[in-house]
Amino acid sequence: VQLQASGGGLVQAGGSLRLSCTASGRIASIGNMGWYRQAPGKQRELVATITSGGSKTYADSVKGRLTISRDSPKNTVYLQMNSLKPEDTAVYYCNAAVIDFILTHSNYWGQGTLVTVSS
């Protein structure tokens with residue numbers, strides 16, 4: 001199983017970006033999917049998660065600005081990022097809880113995509 005993330009880049013404060021992450025491989029189903037981020041010199045932190053049923057959770061710092069969604073038939077999770085701030089600058093990682101065809105549960109990470117917000 002591989003997770004391929006895309007959509008990062010350089011944007012000015014107040015701007016928007018949309019991240020995408022698609023899982024591929026021997027996948028029977030996917031449970032929770034999420035986005036995490038790691039800023040320079042800091043630990044990786046949760047940004048947002050979404051269950052297979054569509055329930056969402058967000059870090060307080062991103063509520064009202066970032067929106068997570070998923071397209072389950074496409075095994076894809078999105079992160080719409082609006083009103084970006086310089087403190088949103090980080091490498092963003094997607095995560096997925098995958099169940100394969102022999103019902104093994106495994107957790108996978110994408111390779112990370114860099115988001116840089118200039119002031």
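These are my notebook entries on a predicted model, from the overall fold down to single side chains.

**Overall fold**

I began with the secondary structure, and the protein has 0 helices and 11 strands. Reading along the sequence, I wrote down β-β-β-β-β-β-β-β-β-β-β, which was quick work. I then looked up the dimensions: the C-alpha trace spans about 50 × 25 × 25 Å along its principal axes. The radius of gyration is 14 Å, which agrees with the value near 14 Å for a compact globule of 119 residues. Of those 119 residues, 39% are buried.

**The open sheet**

In which order do the 4 strands of the open sheet run? I read the order as β1-β3-β8-β7, with antiparallel pairing. The edges are β1 (2-6) and β7 (66-71), each of which pairs on one side only. From one strand to the next I noted an average twist of 15 degrees.

Next I looked at the pairing of β3 with β8. Strand β3 covers residues 17-24 and strand β8 residues 76-81; they run antiparallel and are joined by 6 bridges. For a landmark on screen I picked Leu 19, whose bridge partner in β8 is Leu 79.

**Strand β4 and its partners**

I moved on to β4, which spans residues 29-38. With β9 it pairs in the antiparallel sense over 8 bridges. Here I marked Arg 37, which has Tyr 92 of β9 as its bridge partner.

β4 also pairs with strand β5 (residues 45-50), again antiparallel, through 5 bridges. Met 33 is a handy place to see this, as it stands opposite Ile 50 in β5. I followed the chain through the turn as well: β4 and β5 make a hairpin with 6 residues between them. Gly 41 in that turn has a positive phi of about 75 degrees.

**The disulfide**

How many disulfides are there? I found 1. The bond runs from Cys 21 to Cys 94, with an S to S distance of 2.0 Å. The link is right-handed, at 55 degrees about the S-S bond. Cys 21 belongs to strand β3 and Cys 94 to strand β9 (residues 90-99), so the link ties together parts that are 73 residues apart in sequence. Are these cysteines buried or exposed? I have both Cys 21 and Cys 94 down as buried.

**Aromatic rings**

My search for aromatic pairs gave 1. The partners are Tyr 36 and Trp 109, with ring centres 5.0 Å apart. Why is the pair called edge-to-face? The planes meet at 65 degrees, and the label applies over 60. Tyr 36 is in strand β4 and Trp 109 in strand β10 (residues 105-109), so this pair, too, joins parts 73 residues apart in sequence.

I checked the accessibility of each ring's residue. Tyr 36 has a relative accessibility of 22% and counts as partly exposed, which takes one short step to see: buried would need under 20%. Trp 109 is also partly exposed, at 37%.

**Arg 44 over two rings**

My last stop was Arg 44. Its charged end sits over the ring of Tyr 93, 3.7 Å from the centre. Arg 44 also lies over the face of Trp 109, at 4.7 Å from the ring centre. Trp 109 therefore appears twice in my notes: in the edge-to-face pair with Tyr 36, and under Arg 44.

Definitions and conventions:
Residues are numbered from 1 along each chain as its sequence is written. This is a predicted model: local features need pLDDT of at least 70, side-chain atom pairs count only at pLDDT 80 or more; totals for chains, interfaces and linings use all residues. Side-chain values use heavy atoms; hydrogens and water are left out. Rings of Phe, Tyr and Trp (its six-membered ring) pair if their centres lie within 6.5 Å; planes under 30 degrees apart count as stacked, over 60 as edge-to-face and the rest as tilted. Helices (H or I, at least four residues) and strands (E, at least two) are DSSP runs, numbered from the N terminus. Buried means under 20% relative accessible area, exposed over 50%, partly exposed in between (1.4 Å probe, protein chains only). A charge sits over a ring if NZ of Lys or CZ of Arg is within 6 Å of the ring centre and within 35 degrees of the ring normal. Two strands pair if DSSP finds at least two bridges between them. Axes are lines fitted to C-alpha atoms, for helices over the stretch in contact, and angles run from 0 to 180 degrees between N-to-C directions. A disulfide is a pair of cysteine sulfur atoms within 2.5 Å. The radius of gyration is taken over C-alpha atoms; the globule rule is 2.2 Å times the number of residues to the power 0.38.
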